[in-house]
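Biologist: I should like to go through this model with you, feature by feature. Please give the reasoning behind each answer.

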Amino acid sequence: MRSALGCGPVPRTRNRIALLVVLVVLSSGTMSSPAHADELDKAAKYAGWGAQYWAQGETPPCGVPRFSWSDVPTISMETLAPASANANAATCEVHLARESWAVYDDHTRCSMILHEMGHLYGHGHEDGGVMDPDGMTPA
């Protein structure tokens, strides 16, 4: 059973986007060590949960999400301030800052990807809940 936030296992039969996301995340990442491969696996798992949370496993309107990693914080499209992650629904891309990823616990990482996946499904920021941009803090 998944948590109310959507960061938990989903039924295999309804998680159709997960394999596509795994392939895209693994092919777009620039990390190569075993530790980094584990991080990519987690990102792909969380993206699959995000697809299930937002659309019962269907792909976002923009297509199959692509993830990229940066050694510096990404820039928020709304505030132009540094951010841990940023989604671009026009290109179906999610950019993750490695530095932030490293300091967050697994639940916060999942919440971050779930939030960014929400943008790919057309959701904007709102107070409270997964789309609250201030709701994620390091562990």
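Biologist: How many aromatic pairs does a search of the whole structure find?

Modeller: The model is a predicted one. Rings count as a pair if their centres lie within 6.5 Å. On that basis, the number of aromatic pairs found in the whole structure is four.

Biologist: Is the pair of Y46 and W49 stacked, edge-to-face or tilted?

Modeller: The ring centres of Y46 and W49 are 5.7 Å apart, and the planes meet at 45°. Planes under 30 degrees apart would count as stacked and those over 60 as edge-to-face. The angle of 45° falls under neither heading, so the pair of Y46 and W49 is tilted.

Biologist: Which helix holds both Y46 and W49?

Modeller: Y46 and W49 are both buried. They are three residues apart, about one turn of the helix. The helix that holds both is α2.

Biologist: Which residues form one aromatic cluster?

Modeller: The tilted pair of Y46 and W49 belongs to this cluster. W69 and W101 belong to it as well. The full cluster is Y46, W49, W69 and W101.

Biologist: What kind of aromatic pair do Y53 and W54 form?

Modeller: Y53 has 24% relative accessibility and is partly exposed, whereas W54, at 19%, is buried. Their rings lie 4.9 Å apart, centre to centre, with 90° between the planes. An angle over 60 degrees is required for the class, and the pair of Y53 and W54 is edge-to-face.

Biologist: Turning to the cysteines, what is the pairing when the bonded cysteines are numbered in sequence order?

Modeller: The structure contains two disulfides. One joins C7 and C110, and another joins C62 to C92. In sequence order the pairing is therefore 1-4, 2-3.

Biologist: How many residues apart in sequence are the parts that C7 and C110 tie together?

Modeller: The sulfur atoms of C7 and C110 are 2.2 Å apart. C7 lies in the segment before α1 (18–28), and C110 lies in helix α4 (residues 106–120). The link therefore ties together parts whose separation in sequence is 103 residues.

Biologist: Is the link of C7 and C110 left-handed or right-handed?

Modeller: Both cysteines are buried, C7 with a relative accessible area of 13% and C110 with 1%. The torsion about the S-S bond is -105°. With that value, the link of C7 and C110 is left-handed.

Biologist: Why is the disulfide of C62 and C92 right-handed?

Modeller: C62 lies in the loop between α2 (34–55) and β1 (66–70), and C92 in the loop between β4 (85–88) and β5 (93–97), so the bond ties together parts 30 residues apart in sequence. C62 is partly exposed at 27%, while C92 is buried at 0%. The disulfide is right-handed because the torsion about its S-S bond is about 50°.

Biologist: Which residues that line the largest pocket are the closest to its centre?

Modeller: About 520 Å³ of space lies in the largest pocket. There are 21 lining residues. Those closest to the centre are S76, A83, A85, H125 and P133.

Biologist: Which elements give two or more residues to the lining of the largest pocket?

Modeller: By class, the lining has 10 nonpolar, eight polar and three charged residues. The elements that give two or more residues to this lining are β3 (82–83), β4 and α4.

Note on methods
Residues are numbered from 1 along each chain as its sequence is written. This is a predicted model: local features need pLDDT of at least 70, side-chain atom pairs count only at pLDDT 80 or more; totals for chains, interfaces and linings use all residues. Side-chain values use heavy atoms; hydrogens and water are left out. A disulfide is a pair of cysteine sulfur atoms within 2.5 Å. Helices (H or I, at least four residues) and strands (E, at least two) are DSSP runs, numbered from the N terminus. Buried means under 20% relative accessible area, exposed over 50%, partly exposed in between (1.4 Å probe, protein chains only). On a 1 Å grid over the protein atoms alone, a cavity is a set of points where a 1.4 Å probe fits but cannot get out, and a pocket is an open set with protein on both sides within 12 Å along at least five of seven lines; lining residues have an atom within 4 Å of a point. Grid points are joined across faces, edges and corners, and a volume is the space filled by probe spheres set on the points. Ala, Val, Leu, Ile, Met, Phe, Trp, Tyr, Cys and Pro count as nonpolar, Asp, Glu, Lys and Arg as charged, and the others, Gly among them, as polar. Rings of Phe, Tyr and Trp (its six-membered ring) pair if their centres lie within 6.5 Å; planes under 30 degrees apart count as stacked, over 60 as edge-to-face and the rest as tilted.
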